[in-house]
Amino acid sequence: MPHLTIEYSGNLDTQVDFARLCRTVHKAVLGTGLFELGAVRVRTIQSRDYAIADLLPENGFIDMSFRIGRGRSEAEKKATGEAIFKAVSDELSQLFATPHFALSLEIREIDPELSWKKNAIHPRLRASNG
């Protein structure tokens with residue numbers, strides 16, 4: 001159940017290829033070896049309205065929220081976060097060349113007792129790998 005949501009300020013639409021960024025994050029998540037292909041989800045949510053720091057219109061942000069199921073060690077979670085953050089930081093290096101960009105990532109564990117899922121993708125992918 002690794003779901004990564006990339007929330008971003010709308011002023012980044014012309015500066016970031018978000019489809020490519022989603023694929024970069026997807027690759028980083030799978031590269032950890034900790035998550036099953038059929039469970040990985042990466043998506044974006046644009047914030048049309050926002051107020052950042054000193055309110056300069058050039059200010060932009062990307063806030064990533066990575067929701068995962070329980071069962072990974074603290075070291076595995078930390079290594080995963082570091083891999084994702086590095087991949088995104090590298091891809092967005094041009095934004096860090098300006099004094100107007102903020103990037104953040106938080107990993108959250110989902111309580112299995114309070115999470116419901118139904119996935120028709122898993123059986124298809126498991127059958128093709130079996």
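Two strands count as paired if DSSP finds at least two bridges between them. In this predicted model, that rule joins four strands into an open sheet of mixed pairing, in the order S2-S1-S3-S4. The points below begin with that sheet, and then turn to the nonpolar core, the salt bridges and two individual residues.

**The sheet and the elements around it**

- Strand S2, which covers residues 41-47, and strand S4, which covers residues 101-110, stand at the edges of the sheet with a single partner strand each, so one side of each is left without a neighbour there.
- Averaged over the sheet, and with direction ignored, neighbouring strands are turned by 15° against each other.
- Strands S1 and S2 run parallel and are joined by seven bridges, and within this pair Ser9 stands opposite Ser47 of S2.
- Between these two strands the chain passes through helix H1, and the resulting β-α-β crossover from S1 to S2 is right-handed.
- Strand S1 (residues 3-9) is also joined to strand S3 (residues 60-69), in this case by six bridges and with the two strands running antiparallel; here the bridge partner that Tyr8 finds in S3 is Ile62.
- Both arrangements fit the general picture, in which strands of a sheet pair through backbone hydrogen bonds, either parallel or antiparallel.
- Helix H2, made up of residues 74-91, lies across S1, S3 and S4, and its direction is at about 150° to that of S4.

**The nonpolar core**

- The largest nonpolar core holds 24 residues, and those with the most contacts inside it are Ile6, Ile62 and Ile84.
- Two or more residues of this core come from each of the elements S1, H1, S3, H2 and S4, and the most come from H1, which gives six.
- In soluble globular proteins, nonpolar side chains tend to be buried together.
- Once its neighbours within four places in sequence are left aside, Ile6 is in contact with a set of residues that includes Phe18, Leu21, Cys22 and Val25, as well as Val42, Thr44, Ile45 and Ile62.

**Salt bridges**

- A search of the whole structure finds seven salt bridges, and the general background is that side chains of opposite charge can pair when their charged atoms come close.
- One of these joins the side chains of Glu36 and Arg126, at 2.6 Å from N to O.
- Because Glu36 lies in the loop between helix H1 (18-31) and S2, while Arg126 lies in helix H4 (residues 121-129), this pair ties together parts that are 90 residues apart in sequence.
- Both partners count as partly exposed, Glu36 with a relative accessibility of 37% and Arg126 with a relative accessible area of 46%.
- Lys77 and Glu74 form another salt bridge, in which the closest N and O atoms are 2.7 Å apart; both residues lie in helix H2, three residues apart, or about one turn of the helix.
- The two partners differ in their surroundings, since Lys77 is buried at a relative accessible area of 13%, whereas Glu74 counts as exposed at 60% relative accessibility.
- This pair does not stand alone, for Glu74, Lys77 and Glu109 are linked in a network of salt bridges.
- A further salt bridge is formed by Arg108 and Glu106, whose closest N and O atoms are 3.1 Å apart; Arg108 counts as partly exposed at 38% relative accessibility, and Glu106 likewise counts as partly exposed, at 41%.

**Two residues in their settings**

- Asn59 lies in the loop between S2 and S3, and with a relative accessible area of 5% it falls under the 20% limit and is therefore buried.
- Apart from its neighbours within four places in sequence, Asn59 is in contact with Ser9, Asn11, Tyr50, Ile52, Ala53, Asp54 and His100.
- Arg43 lies in strand S2 and is partly exposed, with a relative accessible area of 31%.
- Not counting residues up to four places away in sequence, Arg43 touches His3, Leu4, Thr5, Ile6, Cys22 and Arg67.
- Arg43 and Phe101 are 58 residues apart in sequence, and in space their C-alpha atoms are 20 Å apart.

Notes. Residues numbered from 1 in each chain as written. Predicted model: local features only at pLDDT ≥ 70, side-chain atom pairs only at ≥ 80, totals over all residues. Heavy atoms only, no water. Axes fitted to C-alpha atoms, helices over the stretch in contact; angles between N-to-C directions. Contact = heavy atoms within 4.5 Å. Salt bridge = Lys/Arg side-chain N within 4 Å of Asp/Glu carboxyl O. Buried < 20%, exposed > 50% of the residue type's maximum accessible area, 1.4 Å probe, protein only. Core = buried A, V, L, I, M, F, W, Y, C linked by side-chain atoms within 4.5 Å. Right-handed = clockwise from strand over helix to strand, strands pointing away.
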